[in-house]
Amino acid sequence: MPANVAFDARADASGRLAVFVHGLCESDRAWWLAAARRYGDPDVTYGSLLRADHGWSPLYLSYNTGLHVSDNGEQLAAMLEALAAAWPVPIDEIALIGHSMGGLVVRSAACQAHEHNQDWVRSLRHVFVLGSPNTGAPLERLVNAGTHALARLPETRPFATWLNRRSVGIKDLRYGAVARADWYDHDPDERLIDRCAPAMLLDGVTYSAASATLSRRADGRFAHDLLVQHTSAHGVHPTRRIAFEPDHLLHVGGRNHFDLLNDPQVYAHLCRWLNG
């Protein structure tokens, strides 16, 4: 399954590339979610708005979310290296925008491109993660703990075996694994051990993170978006923290996980961060 980048056929090539990376079990079409309801036009995305308002060239990645996040990050980095070499005009800046798992993939791609001294990463200026489980997803941790409980009895052990068949991509969400070292040579079904190394944020790249919560307030009763906790989306964890700049953190209250894919308030902040 090779991943691929879908070019927006209406976009004239510019030196500003915005690459959109969808989340778990989504596709590149996820970025069009609720466009007709929110904008009165089913074709409106963050990418189309950035193209019209600021001259960015939007691209939309489609990839296999069942693979390890680090494998998808490696593929994306290689793809962007080839893309940059073939781009018809000089590239001034690249922005990576990832939703949910896609946020982990873009962080992984940036790190691996830096480690392999790829050319495209020198043009990377912005990384946006929208509703990403940067320090892990509670649902995956719950399933992991549940499989160990179910495996204790012969009557329920088959259910544990069945649940453990979920993809390695999903298991990477347990603690937000973005690097090969986070999972290599370890049992993917071990019980609740966080092996993730501290996050590496590249110099010269601005990292921004957005969270949504069902509650209006980030500290309300439902401080999550159905799938990802507010704290994880902002890189906060009891034992490690991702050093997002406070001025580049956004909380949107009264929204769910999928609202972050196409929301006017989120777009306003994307524009401010990209062009400020």
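At what angle do the axes of helix 3 and helix 4 cross, and within what distance do they come?

**Entry 1.** I worked on a predicted model, where local features need pLDDT of at least 70, side-chain atom pairs count only at pLDDT 80 or more, and totals for chains, interfaces and linings use all residues. Residues are numbered from 1 along each chain as its sequence is written, and side-chain values use heavy atoms, without hydrogens or water.

**Entry 2.** I looked up helix 3 (residues 69-86) and helix 4 (residues 101-115): their axes cross at roughly 60° and come within 7 Å. Axes are lines fitted to C-alpha atoms, for helices over the stretch in contact, with angles from 0 to 180 degrees between N-to-C directions. Helices are DSSP runs (H or I, at least four residues), numbered from the N terminus. Helix 3 is therefore oblique to helix 4 (not under 35 degrees, over 145, or 65 to 115).

**Entry 3.** I listed the contact (heavy atoms within 4.5 Å). Helix 3 brings residues including Val69, Leu76 and Ala77, and helix 4 brings Met101, Leu104 and Val105 among them. By class, nine are nonpolar, five polar and one charged. Nonpolar means Ala, Val, Leu, Ile, Met, Phe, Trp, Tyr, Cys and Pro; charged means Asp, Glu, Lys and Arg; the others, Gly among them, are polar.

**Entry 4.** I then took helix 2 (residues 46-54) and helix 9 (residues 264-275). They pack at about 50°, with axes 11 Å apart. Helix 2 and helix 9 are therefore oblique to each other. Tyr46 and Leu49 are among the helix 2 residues that meet helix 9, where Val266 and Tyr267 are among the partners. That contact has eight nonpolar, two polar and one charged residues.
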